[in-house]
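Reader: Please walk me through this structure with care, keeping the criteria explicit as you go.

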Amino acid sequence: MPCKVVLAAEVASNFTAEIRSEVSQKPERPRLVGFLANDDPYAEKYAQSSSKHLAEAGLEFELRQIPREELEAAIKDANQDSNVSGILVYYPVYSDKRDQDLQDMVDPTKDVEGLNVVYNGKLYGNDRFLDEDKTRKAILPCTPLAVVKVLDHIGVYDHSLPYGDHLRGKTIAVVNRSEVVGRPLAALLANDGAKVYSIDINDIQIFERDQAASINSHVISKTDFKTEDVIPLCDVVITGVPAAGYKMPTKLLKPGVVAVNFASVRNFEPEVKEVASIYVPSVGKVTVSMLQRNLLRLFNYQH
């Protein structure tokens, strides 16, 4: 059976249309401020893309390019500015613990990326709501959420199973364990019932549901496995390695695998289409849709 190639634009279009419709009925438009304090060309490209797609959905966007030494004060000012609905910082800034400090500095009521310690606690604890009445959902990081929406769109999630268990029986590899994307993605997938091999340059860890926990959150196990041990076992392989020289060896992939790439460069070899049942070469436009969605959700919470 030939491989089906699914483009991010196909998945994103419905979200953008829904958001545009809701925004058009509001007396004022949500406004996002993005802070670019690094020289990463991919971050600048993402910022430019964000501006275009936010405008398409009727949302306002302002990019502020500043020295990183001024970023802390700029975030504090934006936290206090009632004209700012959401704040986005393009990481990495320092590529060390200071980046986490910056994430926690963003007011949770304006954190469109869901990276603040409040949302981190909700995600890793599998607590999906901010209030006891379950009327306000926690904000999830944009790219991990985009991957989840892509997997749902292509049928990896089984909605015949109970809510919160839609990935039961699936084995998934995530090749990336960054704090911004790879690790939260592995947690989200495990919290939905999958067995996840989280592959990093140093080791491979298993994220899976802790059936004994009262809230059914995931647990993490260290292993001595190598990539060639686990990739052939996986129904879904998700890559996010930001290096042009990295390629996932096609020979390791299970026939009929679902292959998804969220890196800014192509991590799969061209031959992936000879093995995969579904191939998603990028998720960028879905990530922007999730950014739109998070901004609108925070705006609604504020009003």
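Author: Buried means under 20% relative accessible area, exposed over 50%, and partly exposed in between, with a 1.4 Å probe and protein chains only. This is a predicted model, in which local features need pLDDT of at least 70 and side-chain atom pairs count only at pLDDT 80 or more, while totals for chains, interfaces and linings use all residues. Residues are numbered from 1 along each chain as its sequence is written, and side-chain values use heavy atoms, with hydrogens and water left out.

Reader: Is Phe 225 buried, exposed or partly exposed?

Author: The ring of Phe 225 pairs with that of Tyr 197, a residue that counts as buried at 4% relative accessibility. For Phe 225 the relative accessibility is 40%, so this residue counts as partly exposed.

Reader: Which geometry does the pair of Tyr 197 and Phe 225 have?

Author: Rings of Phe, Tyr and Trp (its six-membered ring) pair if their centres lie within 6.5 Å, and planes under 30 degrees apart count as stacked, over 60 as edge-to-face and the rest as tilted. The centres of Tyr 197 and Phe 225 are 6.2 Å apart and their planes stand at 75 degrees, so the pair is edge-to-face.

Reader: How are the planes of Phe 268 and Tyr 279 set, and at what angle?

Author: Both Phe 268 and Tyr 279 are buried. Their ring centres lie 5.9 Å apart, and the pair is edge-to-face because the planes are at 80 degrees.

Reader: What share of the 303 residues in the protein chain is buried?

Author: Under the accessibility criterion already given, buried residues make up a share of the 303 residues in the protein chain. That share is 51%.
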